Amino acid sequence: MPYQRSLSVKKEVTIHIVFWLIAAYFTLIKFNNTKLELVPLHVFEITWAFIFVSSFYFNYLLVLPRLIRPFRWKKVFTGILCNIVFFILLRYLLEEVLAYRLFGFKNYFKGTPLWYYIFDNLYYSTLPMILSTFFWLVIFVIRLYDYNNYIVEEQKSTEIKFLKAQINPHFIFNTLNNIYSMVYFQSPRSLSAIEKLSSIMRFTTYESQKEKIRLTDELNYIQSYIQLEELRHEQEDFVNTSIMISEQQIMIPPYILSPFVENALKHGQVATETPIEVQLQATPNTLTFTVTNTIGQQKKDKLGGIGLENVKRRLEIYYPGKHQLTIHNTNNIFTIQLSIQLAS
């Protein structure tokens, strides 16, 4: 996603125009008996306005951008000196040279020493310099904050893509091992398993690339995964599902629920007497997903591996402060419960 400034150059120019219009309003207009009147301007008031604006943008456009990359105190003092010299030279040229040639008078008395002229203008030169520096810093901070937010979002996007890339090979590795076993033992269900895998691959190829998908699509993916496991074990009804969805258009990130089912199928006991329980209750505001399984013999059920650690990180990215993941391992019963606040 290319970076686009929220505060564009066009908006920046508009802010400057509005600022100078407001400044002109309070400078050039006065109320006289409830009437608006223009303030008469002397020639040196006009030259002062020109000098002020010129010094403002000399600092804003030429000096300040060069102080940041890279920042050095030596450059700061050099920039201040350049601003002072520019202001004094411009004012001297307009008010002491040009005004005298055009109108026959100067702003300063005849015979004013050069050192006094410089000393007197040190104060006046700081006014446009301070104002333009404040203005520039405000714009710079806004853009810096905006760019930092962009970098954070880009990092999240990159991390999510990396996590998705981890999930697909992990699932495919497990499934191909299952189908390999079925083909090796010449199971008549191997063709059906390949068909199920083909359906799942369509999901992983297209749906998984989306930021969010319909909850029903994720559930269909889980159901295909369960059916693959039933084909591999040549046993049915060892997974009980209870699904209650109030709205078909609920959207969630892909692979948020499926790793929990995969974990249960991998570590759980395959038996109709102790089936794996998968329960889902979802409304447009909340989602609760629970997976319970009896730990199989010589199997160690724990929160680990690529799948579960992956989904924990993705939950932190997608639902920061809006989800709760609890894990219980009691009396050989392993339970994972996920609650998500879907509404903002």
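Student: At roughly what angle do the axes of helix H1 and helix H2 cross?

Tutor: Heads-up: this is a predicted model, where local features need pLDDT of at least 70, side-chain atom pairs count only at pLDDT 80 or more, and totals for chains, interfaces and linings use all residues. Residues are numbered from 1 along each chain as its sequence is written, and side-chain values use heavy atoms, leaving out hydrogens and water. Helices here are DSSP runs of H or I with at least four residues, strands are E runs of at least two, and both are numbered from the N terminus. The axes, lines fitted to C-alpha atoms over the stretch in contact, with angles from 0 to 180 degrees between N-to-C directions, come within 14 Å for H1 (residues 9-28) and H2 (residues 43-68), and cross at roughly 155°.

Student: Which residues of H2 does H1 meet?

Tutor: Contact means heavy atoms within 4.5 Å. On the H1 side you'll find Glu 12, His 16 and Trp 20; their partners in H2 are Phe 52, Val 53, Phe 56, Tyr 57 and Tyr 60.

Student: How many aromatic pairs does a search of the whole structure find?

Tutor: Rings of Phe, Tyr and Trp (its six-membered ring) pair if their centres lie within 6.5 Å; planes under 30 degrees apart are stacked, over 60 edge-to-face, the rest tilted. Searching the whole structure on that basis gives 25.

Student: What is the angle between the planes of Tyr 180 and Tyr 184?

Tutor: Both sit in helix H4 (residues 114-184), four residues apart, about one turn of the helix. Their pair is stacked, at 6.2 Å centre to centre, and the angle between the planes is 25°.
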